[in-house]
Structure formats: C-alpha cells, structure tokens
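Reader: I have a new structure open and a pile of labels I don't quite trust. Could we go through where they come from?
Author: Sure, let's put it up and start.

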Amino acid sequence: MKFSDVIGHKQIKQRLIQHVNQKRIGHAQLFLGTNDTGALALALAFAGYIQCRDRGEQDACGKCPACLKMDKLIHPDLHFFFPTAPNQEHKKDVSSKLFMARWREQLLDSPYFTHFQWLNKLGVENKQAFINAEDCNDIIRALGVKSYESPYRIVLIYMVEKLFYAAAPKLLKVLEEPPGNTLFLMVSENRDRILNTILSRTQVIKLPLPDEASLVRTLVERYGVEAKTAQHLAFLTGGALSESLRIYQQDEEQLADFESFREWMRSCYKGDAARIIKWVESTAQSGREKQKSFFQYGLKMFRMCLLNNYGAGELIRIEGEEEDFIHKFSPFVNHGNALQIVDSFNQGILHLERNANAKILFTDLSFTLHRLMRQSA
Ligand SMILES: [Zn+2]
C-alpha cells in the first residue's frame with residue numbers, strides 16, 4: 001500500500017511525509033477513523049514509506065526489497081496485531097498470530113473493509129473480537145529481538161479500542177518505555193473507548209471521510225464503475241468506499257435477479273421446455289443462499305403484481321424496466337392462482353433449507369408455474 005493507493009487526504013499525507021524526512025516521527029501515533037476514512041490504509045502507507053529504502057518525495061518507491069515485502073505484508077519489521085475471536089478452527093486462546101493468513105488476505109483485498117467484514121473473515125459473525133493478553137505478550141516478544149532489516153521496527157495495532165482490559169497494563173508498559181527505534185501505529189474507530197492512559201501517550205491523527213471527488217476517481221479507475229453512478233454513490237455515502245461498493249453490488253445483484261426472473265417467467269408462461277432447462281441449469285449452479293434470495297426477490301415481484309391488480313399501483317416502489325414488467329406480468333398473477341404461486345415459492349425456500357436438489361426443485365416448479373399461469377389466462 002502506497003500513499004497513492006490511499007483515497008484523498010492529500011494534506012495529511014504531506015504532513016506524514018514531512019515527519020519522516022525531517023526525522024520527527026512520533027513513537028506512538030493513532031490514526032482515528034473507520035476504515036472507510038482510510039485510517040488503516042494510511043497507517044499502512046505510512047509504515048511502507050518509513051520502511052522504503054529509496055523514498056521519493058511523494059511516496060515509497062514500490063520497487064526496493066523493503067517495498068516488495070511491504071506489498072505482500074511480510075516485512076520482518078512490521079508486526080500486526082488485531083482483534084480476534086474463537087472460531088471453528090481455533091476454539092480457544094486465540095491471538096493475532098493464529099489469524100495472520102486471513103488478516104493478510106483481508107488487507108490485500110482492500111484495507112477499506114468494515115468491522116463486520118472482518119468478523120466474517122474470522123468466521124465469527126456473532127462474537128465479540130478482542131486484542132488479547134497473548135497478543136501483548138507477542139508484542140513484548142517482538143520488541144525483544146533486534147530489528148532485522150530496517151532502522152525501524154513497526155508495531156501496527158488495528159482497533160486498539162478492542163484491547164482486552166486485562167491486557168492493557170502490558171501494552172501500557174511498552175508504550176511508556178518503548179525500546180529504541182520502535183514505532184507504534186495504532187488505528188481506532190472510537191476514541192471514547194480507548195483507555196485514557198493509552199490515548200495520552202499517542203499523537204492523534206483524526207481522519208474525516210475522503211473527499212467525494214477522490215472517491216469517484218477510485219470507483220471509476222479501480223472498480224470500473226460508470227462515472228455518473230460513481231458520483232451518485234459518493235454523494236449518497238459521503239465518501240465511504242465500502243458502503244458505496246455495498247450499494248453498487250446490491251444494485252447489480254438486483255438487476256441480475258430481475259433479468260433472471262423475467263426470463264424464467266416468460267419461458268414458464270410459454271412452456272418452452274428448452275429455455276426452461278437452460279435457465280434451470282444455470283440457476284442450479286448458483287449457491288443456496290443466492291437461490292433463496294432469488295425466491296425472496298420473486299415473492300416481492302408477485303406482491304407488486306397483486307398491488308398493481310388491486311389498483312394500488314402507487315405502492316409499487318420500483319421503476320424502469322422492473323415496473324414495465326410488473327404492468328405486463330400482473331394479469332397472470334391473480335386471485336385464482338396467487339396464493340398457490342406464493343406458496344410454491346415459500347415451499348421452495350423451505351426445500352432449499354433442507355438441501356433439496358436445486359435442479360429437480362426448479363424444474364418441478366417451472367412446470368407448476370406454467371400450469372398456474374395458464375389456468376388464469
Ligand atoms: Zn521502496
């Protein structure tokens with residue numbers, strides 16, 4: 001991660017670069033903000049700039065051995081600590097080192113992830129994650145050995161507010177008397193939850209969300225989003241990348257659901273066996289959760305048809321092609337068959353939950369739908 005990979009924050013980057021070049025790097029710094037502000041990304045870029053052996057005026061070189069190792073997050077003088085929780089694989093006594101592979105994977109994917117995404121990555125969606133006492137022992141151990149390759153040893157602590165209270169005294173001790181040439185870069189979303197004793201020993205860099213124009217550029221250049229959509233997303237989220245991507249992907253999924261649903265309903269109505277089989281083949285390949293959410297989408301569309309039929313069109317909260325489709329399709333969903341159609345979809349969800357064979361399920365359902373729609377026509 002180079003400074004140029006961090007969205008926006010031109011002035012803050014400039015200040016950090018100055019500190020390095022004037023050899024005024026504070027030994028404990030706190031990057032305050034959610035990952036969407038770029039707090040973690042910036043801490044990483046800062047670490048990379050410090051470790052680079054051939055620093056430019058604006059950024060790390062990206063080519064020296066130190067940069068190459070930083071790129072893969074395997075620099076021996078960069079130590080990561082972050083919140084973890086027991087999962088299926090590690091049932092107790094968890095600490096950062098057990099999850100290092102997942103951490104690298106997450107960071108390499110993007111440092112603009114949400115806490116929920118991190119819990120997902122750990123495989124512990126519903127648990128609280130902490131930085132544990134064992135992590136603090138590991139920090140002390142890491143500081144006990146000489147730095148390997150660079151003048152600075154960097155300890156990056158992500159979400160320091162998740163420090164388990166019993167572990168705090170150990171960390172405080174090293175913050176109070178840090179061994180020479182050791183830098184602590186801490187990242188936190190919530191200043192109020194950090195122990196005052198830790199806060200008072202750090203230099204705080206508070207980050208707002210990046211400016212919208214910078215986010216638009218990132219969405220267009222790195223994620224291939226159309227400029228107009230990118231502007232809309234940046235405005236909607238105030239500059240938050242993960243939130244923008246979430247909305248964008250949801251829209252894409254909804255569009256895919258719509259196109260698939262329309263194709264299915266048309267071929268069922270026509271009773272076109274070849275088209276039905278083709279559709280079933282492709283739908284049966286998607287994951288179970290995806291299939292279930294597709295059924296939910298279908299249920300929503302049937303509800304819209306009924307609203308339309310009963311003259312409550314103003315309650316239809318969709319637009320564009322979906323709306324056109326509802327107008328054309330709703331005559332085929334009426335009081336004669338609606339209950340049975342809805343019931344067949346609910347049954348579908350239930351069968352999927354019981355691991356029914358998706359191919360058989362969708363094929364059967366296609367012929368049921370054909371019969372039901374024809375019966376009403
Ligand atoms: Zn370099």
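Author: First, a definition: two residues are in contact if their C-beta atoms, placed from the backbone, lie within 7 Å. Also, keep in mind that this is a predicted model.

Reader: Okay, so what share of contacts in the protein join residues at least 24 apart?
Author: Take the contacts between residues at least 6 apart in sequence: 73% of them join residues at least 24 apart.

Reader: And how many helices and strands does the protein have?
Author: There are 16 helices and five strands.

Reader: How does the radius of gyration of the protein sit against that of a compact globule of 377 residues?
Author: The globule would come out near 21 Å, but the protein has 27 Å. Along the principal axes, its C-alpha atoms fill a box of roughly 80 × 45 × 40 Å. As for burial, 34% of the 377 residues count as buried.

Reader: What makes Met159 count as buried?
Author: The cut-off is 20 or more other C-beta atoms within 10 Å. Met159 has 24 such neighbours, so it is buried. You'll find Met159 in the loop between strand 3 (153-158) and helix 7 (168-176).

Reader: Then why is Leu73 called partly exposed?
Author: Leu73 has 19 other C-beta atoms within 10 Å. Buried needs 20 or more and exposed needs 12 or fewer, so 19 falls in between and Leu73 is partly exposed. Leu73 belongs to the loop between helix 3 (65-71) and strand 2 (78-81).

Reader: What is the sign of phi in Leu73, positive or negative?
Author: Positive, at about 65 degrees, although Leu73 is not a glycine. Met159 also has a positive phi, near 55 degrees, and is a residue other than glycine. For background, most residues other than glycine have a negative phi.

Reader: How do you know whether Leu143 is buried or partly exposed?
Author: Count again: Leu143 has 16 C-beta neighbours inside 10 Å. That lies between the two cut-offs of 12 and 20, so Leu143 is partly exposed. Leu143 sits in helix 6 (residues 133-144). Leaving out residues up to four places away in sequence, Leu143 touches Val174, Pro179 and Thr182. The C-alpha atoms of Leu143 and Gln254, which are 111 residues apart along the chain, are separated by 50 Å.

Reader: Now the helix pairs. Why is helix 9 called oblique to helix 10?
Author: The axes of helix 9 (residues 212-223) and helix 10 (residues 227-237) come within 9 Å and cross at roughly 135 degrees. Roughly perpendicular stops at 115 and roughly antiparallel needs over 145, so 135 degrees makes helix 9 oblique to helix 10. The crossing is right-handed.

Reader: Which residues meet there?
Author: Glu212, Leu215, Val216, Leu219 and Val220 from helix 9 meet Ala227, Ala230, Gln231, Leu233, Ala234 and Phe235 from helix 10. They divide into nine nonpolar, one polar and one charged.

Reader: And what makes helix 11 and helix 12 roughly antiparallel?
Author: Helix 11 (residues 241-270) and helix 12 (residues 273-285) have axes that come within 9 Å and cross at roughly 150 degrees. Angles over 145 count as roughly antiparallel, so this pair qualifies. Helix 11 passes helix 12 in a left-handed crossing. On the helix 11 side, the contact is made by Ser260, Glu263, Trp264, Ser267 and Cys268, and on the helix 12 side by Arg275, Ile276, Trp279 and Thr283. These split into four nonpolar, three polar and two charged.

Note on methods
Residues numbered from 1 in each chain as written. Predicted model: local features only at pLDDT ≥ 70, side-chain atom pairs only at ≥ 80, totals over all residues. Axes fitted to C-alpha atoms, helices over the stretch in contact; angles between N-to-C directions. Helix = DSSP H or I, 4+ residues; strand = E, 2+ residues; numbered from the N terminus. Parallel < 35°, antiparallel > 145°, perpendicular 65-115°, else oblique. Left-handed = near helix turned anticlockwise from the far one by under 90°. Nonpolar A, V, L, I, M, F, W, Y, C, P; charged D, E, K, R; others polar. Rg over C-alpha atoms; globule rule 2.2 N^0.38 Å.
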